[in-house]
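Biologist: I should like to learn how such a model is read, feature by feature. Where shall we begin?

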Amino acid sequence: MPDVRNWKIIGRGDERICYLHPNNSARCIKLSMREKAKQTHRELRYFRLLKRRKVPFTYIPEFFGVVKDDEVIGIEQQLVLDESAEVPPSVAGYLTKQLTPEQARRFWAGLDALKCYLLAYNVVPCDLVMSNLLVIERSNTTDVMLIDGLGASELIPLPDYVPWLGRRKIQRKWARFMAKTVKPHFAATQGCQAL
């Protein structure tokens, strides 16, 4: 594996560092040190399951494989970009600007489309936080993509394999995320616009 110290860092979390792929600007590589790779192992297992189930990567980044050596392990996946080939803002970043009524309508429609996708394909999120959701404005629609925090976090991840358990978990997590995070944040940043 090439020396990652020369790769461009495009994101950083508690466990992983996200690098721009050195040979393909449409991909990224999320690397963890092997001794601190719990999230990476969970997501690798989960992405492989989604591939076997032939789940379309419509609202989550496409998975291309594992990257590893003696010290690190990581995930190679699609780098989510907007139509200008820029990394789109997270939900929190998107809501820092004042939205027009049409932008607000498309934002809520984009969130609804993501929820429908998660339920339809039993794509279980473990971390629904605003920083894990990117908002991509297109000419006639707004997409919201979940870029991180996938797969049930239970020791035995039954929601990943039993659809009715997965749908219950998705519904519960989504309702809490909307009520405690997105709607209050939207109301605080967008003022009197209807939710």
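**Backbone, sheet and pockets**

Modeller: Let us start with a loop residue: Asn122 is found in the loop between α3 (101-121) and β6 (133-137). Here helices (H or I, at least four residues) and strands (E, at least two) are DSSP runs, numbered from the N terminus. Residues are numbered from 1 along each chain as its sequence is written, and side-chain values use heavy atoms, leaving out hydrogens and water. The model is predicted: local features need pLDDT of at least 70, side-chain atom pairs count only at pLDDT 80 or more, and totals for chains, interfaces and linings use all residues.

Biologist: What is the phi of Asn122?

Modeller: Most residues other than glycine have a negative phi. Asn122, although not a glycine, has a positive phi of about 50°. Ala85 is also not a glycine and has a positive phi, of about 65°; Ala85 lies in the loop between β5 and α2 (91-94).

Biologist: Is Asn122 buried or exposed, and how does Ala85 count?

Modeller: Buried means under 20% relative accessible area, exposed over 50%, and partly exposed in between (1.4 Å probe, protein chains only). Asn122 counts as buried because its relative accessibility is 5%. Ala85, at 52%, therefore counts as exposed.

Biologist: How is the sheet ordered?

Modeller: Strands of a sheet pair through backbone hydrogen bonds, either parallel or antiparallel. Two strands pair if DSSP finds at least two bridges between them. In this model, five strands form an open sheet in the order β1-β2-β3-β5-β4, with antiparallel pairing. β1 and β4 (63-68) are its edge strands, each pairing on one side only. On average, neighbouring strands of this sheet are turned by 25° against each other, direction ignored. Helix α1 (residues 38-52) packs on the sheet and touches β2, β3, β4 and β5, where contact means heavy atoms within 4.5 Å. The direction of α1 makes about 40° with that of β5; axes are lines fitted to C-alpha atoms, for helices over the stretch in contact, and angles run from 0 to 180 degrees between N-to-C directions.

Biologist: Which residues stand opposite one another around β5?

Modeller: Gly74 in β5 has Leu31 opposite it and also Val67. β3 and β5 pair over seven bridges, and β4 and β5 over five. The latter two strands form a hairpin with three residues between them, and Gly65 has Glu76 in β5 as its bridge partner. β5 is mostly covered, with six of its seven residues buried. At the other end of the order, β1 and β2 pair over three bridges, and Ile9 has Tyr19 in β2 as its bridge partner.

Biologist: How much space lies in the largest pocket?

Modeller: Rolling a probe the size of a water molecule over the atoms shows where empty space is left. On a 1 Å grid over the protein atoms alone, a pocket is an open set of points where a 1.4 Å probe fits, with protein on both sides within 12 Å along at least five of seven lines; lining residues have an atom within 4 Å of a point. The largest pocket holds about 530 Å³ of space. Its lining has 26 residues, and the closest to its centre are Gly11, Cys18, Lys30, Ile147 and Asp148. β1 (9-12), β2 (16-20), β3 (27-33) and β5 (72-78) each supply at least two of the lining residues.

Biologist: What lines the second largest pocket?

Modeller: Its lining includes Val4, Tyr19, Leu31 and Val72, and β2 and β3 each supply at least two residues.

Notes: Grid points are joined across faces, edges and corners, and a volume is the space filled by probe spheres set on the points.
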